[in-house]
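Biologist: Could you take me through this one and say what stands behind each label?

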Amino acid sequence: MVIVFLGPPGAGKGTQAKRLATDLGVRHVSTGDVLRSAVERGTELGRTAAAYLDKGALVPDETMLALIAELLDRRDHDRGLVLDGFPRTAPQAEGLDRLLRERGRELDAVILLDIAEEEAVRRLTSRVCCSKCGGITNLLADPSAADGVCDACGGRLERRSDDTPDVIRARFKEYRALTQPTLDYYRARGMLRRVDAGRPIDDVAGDIAEAVAGSGPGRAAG
Ligand code: AMP
């Protein structure tokens with residue numbers, strides 16, 4: 001099973017993709033998390049990606065496709081993957097189709113988390129991530145009991161370095177220019193399932209579960 005999440009920064013892709021992956025018993029892969037960890041560890045991928053991440057620009061398609069090919073071939077990804085943050089350009093979407101075809105696999109569902117830009121910016125500027133468990137918290141909607149401490153595991157809560165107003169603006173610009181054509185790619189194939197992501201987490205999760213149940217190879221959306 002391979003499921004793709006699309007949507008602008010701040011739509012809740014990380015939160016929802018993690019939850020869906022847990023419910024389905026498959027792996028959640030956030031390309032942003034993979035890249036951030038590579039930057040921290042100073043690997044070759046991290047050295048390539050660092051400058052792009054700092055500016056809110058997209059890492060080149062060839063780099064991303066090589067990374068996804070490697071991830072698809074990992075043993076623990078056999079049962080399936082929920083991809084969060086990939087594909088983000090039309091060439092990445094075409095490349096993903098090719099990589100899956102070469103491995104005798106197919107895309108099961110493409111979920112678009114749709115949200116007004118204003119609301120997404122509001123979420124991004126008030127979100128923190130736990131440095132220990134990776135949990136995402138929104139300080140406006142759900143403030144932690146102790147300042148700067150994760151309610152779930154006691155880890156330190158941190159802001160993402162690319163959640164600053166300038167970089168957020170750059171990420172939206174990239175989204176409009178490069179990711180919108182990705183939506184068209186899947187729309188033309190009848191695969192895109194739109195979910196209104198501006199609502200409470202549980203409501204959005206319910207709609208995603210329905211959209212996934214109604215998707216699948218050969219089942220085009222209306
Ligand atoms: P995210 O955590 O999904 O918001 O991604 C953070 C940053 O990682 C993006 O602003 C890009 O610089 C980079 N990135 C993540 N996924 C991709 C991708 N599929 N293609 C290109 N760059 C990516």
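What follows is a talk about the ligand, one helix and one loop.

Modeller: First, the ground rules: this is a predicted model, where local features need pLDDT of at least 70, side-chain atom pairs count only at pLDDT 80 or more, and totals for chains, interfaces and linings use all residues. Residues are numbered from 1 along each chain as its sequence is written, and side-chain values use heavy atoms, with hydrogens and water left out.

Biologist: Fine. What makes the pair between T31 and the ligand a polar contact?

Modeller: A polar contact is a pair of N or O atoms within 3.5 Å; within protein, one must be able to donate a hydrogen and the other to accept it, and residues adjacent in sequence count only if both atoms are side-chain atoms. An N or O atom in the T31 side chain is 2.8 Å from a ligand nitrogen, so the pair qualifies. R36 puts a polar side-chain atom 3.0 Å from a ligand oxygen, and G85 uses a backbone N or O atom, 2.9 Å from a ligand nitrogen.

Biologist: How much of the ligand's accessible area does the protein cover?

Modeller: The cover is 97% of the 480 Å² that the ligand has on its own, by the Shrake-Rupley method with a 1.4 Å probe.

Biologist: How do you know that α8 has the span expected of a helix?

Modeller: The expected span is 1.5 Å times one less than the number of residues. With 13 residues (201-213), α8 should span 18 Å, and its end C-alpha atoms are 18 Å apart, which agrees.

Biologist: And why say that its buried residues line one face?

Modeller: Buried means under 20% relative accessible area, exposed over 50%, and partly exposed in between (1.4 Å probe, protein chains only). In α8, V204, A205, I208, A211 and V212 are buried. Seen down the axis, the buried residues fall within an arc of 125 degrees (taken from the directions from the helix axis to the C-beta atoms), so they line one face. D202, E210 and A213 are exposed, on the face turned away from that buried side.

Biologist: Now the loop between β6 and β7. Why is S144 called buried?

Modeller: Its relative accessible area is 13%, and the cut-off is under 20%, so S144 counts as buried. The S144 side chain also reaches the backbone oxygen of A146 at 3.0 Å.

Biologist: What makes A152 exposed?

Modeller: A152, found in the loop between β6 (136-138) and β7 (157-158), has a relative accessible area of 72%. Exposed means over 50%, so the label fits A152.

Terms used. Helices (H or I, at least four residues) and strands (E, at least two) are DSSP runs, numbered from the N terminus.
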